[in-house]
Amino acid sequence: MNREDDGVNAVVVEALTKAYGGKTVVDGVSLTVREGEFFGLLGPNGAGKTTTMEMMEGLRKADSGSVSLLGSSPQPRNTALLPRIGVQLQASAFFERLTAHEQLVTFAALYGASTDRVDDTLELVGLTEHSHVREDKLSGGQRQRLSIACALVHDPELLFLDEPTASLDPQARRNLWDVLRGIKERGKTIVYTTHYIEEAERLCDRIAILDHGRVVAMDTPGALVGGLGTAMSMELPEGVLGVDELLSLPGVDDVRTEGDRIRITASDSNAVMRALTDRGAAGRLRTRDASLEDVFLELTGREYRS
Ligand SMILES: Nc1ncnc2c1ncn2[C@@H]1O[C@H](COP(=O)(O)OP(=O)(O)O)[C@@H](O)[C@H]1O
Ligand SMILES: [Mg+2]
């Protein structure tokens, strides 16, 4: 890695591997997170997101490969990095019986940071009105926001969040998206994991799709979807037209049966539409813009099930 890269890269990961009990769970992951970027590690449960992220943070030791975190190696334990990074673990823990405000004062003290930022941090995560509520009285979404605040109170430049939106109801998830966007607007670099495809598509500047411990694709959401070669996903219910007939239509590249539907991959969706109209089948066609879900299917041959 040269000096020029050091200035713009918050994290550089090269060929990381990790095995548990002889089973490889992170299998040669390489990726780069740029300063100021909102970077997503997206993958189904068990893909290796947490293991990868904790090796980036220096919390787990890799079997092989290297991590550069803000220009230094986090392993062996590098305490000089700690004030510069914020970490929210997948299972968050609070001090018992403290209010939101007291939690943050305590976390600030642990970091040796000023308590001046406590109120500002509560505001950033939308908890100003709950600052004197005890942590165990907060809703799930509010607790998630408090745990992000705990990782932010010492004003780190780089924030790691492990599934911050998991198991929240849709409204609480949306509120959290606004919080995350606000943090990015303050110039922070964010690395986060999620198993929600459409969320990663909305929030992230770049996404690494992880499957079975490998990065199967890494790019901006637009480039990932655009790289599909078909801008639209087309589906017909089974039985409308046979697979062989569909394959013979102009513009059709591939046809795949998925349950009771047939998914059509087309390089020329207009030509397919015309051909289906001629056969009286266009009314049964369901189309939508291609999404990361289609990218995952194309890359892995499996439907995305998180
Ligand atoms: N400490 C551990 N000991 C044994 N197996 C583990 C440990 N941590 C993770 N694994 C296994 O590694 C795989 C990847 O886990 P993880 O990184 O938590 O995935 P994700 O965060 O994507 O759900 C899973 O099969 C999990 O059971
Ligand atoms: Mg995980």
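**Questions on a Predicted Protein Model**

Visitor: Is H132 buried or exposed?
Guide: In this predicted model, H132 has a relative accessible area of 63%. A residue counts as exposed when that figure is over 50%. By this cut-off, H132 is therefore exposed.

Visitor: Where along the chain is H132 placed, and which residues does H132 touch when those up to four places away in sequence are not counted?
Guide: H132 belongs to the loop between α4 and α5. Leaving out residues up to four places away in sequence, the residues touched by H132 are T99 and H101.

Visitor: What distance separates the C-alpha atoms of H132 and A200?
Guide: Along the chain, H132 and A200 are 68 residues apart. In space, their C-alpha atoms are separated by 33 Å.

Visitor: At what angle do α3 and helix α4 pack?
Guide: Two packed helices are described by the angle between their axes and the distance between the axes. Helix α4 covers residues 117–124, and the axes of α3 and α4 are 10 Å apart. The angle of packing is about 125 degrees.

Visitor: What term describes α3 relative to α4?
Guide: The angle between α3 and α4 is about 125 degrees. Roughly perpendicular covers 65 to 115 degrees and roughly antiparallel begins over 145, so the angle falls under neither term. The term for α3 relative to α4 is therefore oblique.

Visitor: Which residues of α3 and α4 make the contact?
Guide: α3 passes α4 in a right-handed crossing. By class, their contact has five nonpolar, two polar and one charged residues. On the α3 side the residues are A100, H101, L104 and V105, and on the α4 side they are V118, D119, T121 and L122.

Visitor: What term describes α5 relative to α6?
Guide: The axes of helix α5 (residues 140–152) and helix α6 (residues 170–185) come within 9 Å and cross at roughly 20 degrees. Angles under 35 degrees count as roughly parallel. For this reason, α5 relative to α6 is roughly parallel.

Visitor: How many residues of each class are in the contact of α5 with α6?
Guide: The crossing of these two helices, α5 and α6, is right-handed. G141, R145, I148 and L152 in α5 meet A172, L176, V179, L180 and I183 in α6. The division by class is seven nonpolar, one polar and one charged.

Visitor: Which residues are the protein donors of the magnesium ion (ligand 2)?
Guide: The donor atoms are OG1 and OE1, and they lie 2.0 to 2.4 Å from the ion. The residues that supply them are T50 and Q90.

Visitor: How many residues apart are T50 and Q90?
Guide: T50 is in helix α2 (residues 49–57). Q90 is in the loop between β5 (85–88) and α3 (100–110). The pair links distant parts of the chain, with a separation in residues of 40.

Visitor: Which of the two, T50 or Q90, counts as buried?
Guide: Buried means under 20% relative accessible area. Q90 is partly exposed because its value is 41%, whereas the other residue has 16% relative accessibility. The buried residue is therefore T50.

Visitor: Which residues does P83 touch, not counting those up to four places away in sequence?
Guide: P83 lies in the loop between β4 (64–69) and β5. At 46% relative accessibility, P83 counts as partly exposed. With residues up to four places away in sequence set aside, P83 touches H154 and P156.

Visitor: What is the form of the peptide bond from Q75 to P76, cis or trans?
Guide: P76 is in the loop between β4 and β5. The omega of the bond from Q75 to P76 is near -10 degrees. The form of this bond is cis.

Visitor: Is E163 buried or exposed?
Guide: E163 is in the loop between β6 (158–162) and α6. Although not a glycine, E163 has a positive phi of about 50 degrees. Its relative accessible area is 6%, so E163 is buried.

Visitor: Is H212 buried or exposed?
Guide: H212 lies in the loop between β8 (206–211) and β9 (214–219). H212 is not a glycine, yet has a positive phi of about 50 degrees. At 57% relative accessibility, H212 counts as exposed.

Visitor: What share of the residues of the protein chain counts as buried?
Guide: The protein chain has 11 helices and 13 strands. Its C-alpha atoms fill a box of roughly 70 × 45 × 40 Å along the principal axes. Of its 306 residues, the share that counts as buried is 48%.

Definitions and conventions. Residues numbered from 1 in each chain as written. Chains lettered and ligands numbered in written order. Predicted model: local features only at pLDDT ≥ 70, side-chain atom pairs only at ≥ 80, totals over all residues. Heavy atoms only, no water. Donors = N, O, S within 2.8 Å, 3.2 Å for Na, K, Ca; no water. Buried < 20%, exposed > 50% of the residue type's maximum accessible area, 1.4 Å probe, protein only. Axes fitted to C-alpha atoms, helices over the stretch in contact; angles between N-to-C directions. Left-handed = near helix turned anticlockwise from the far one by under 90°. Contact = heavy atoms within 4.5 Å. Nonpolar A, V, L, I, M, F, W, Y, C, P; charged D, E, K, R; others polar.
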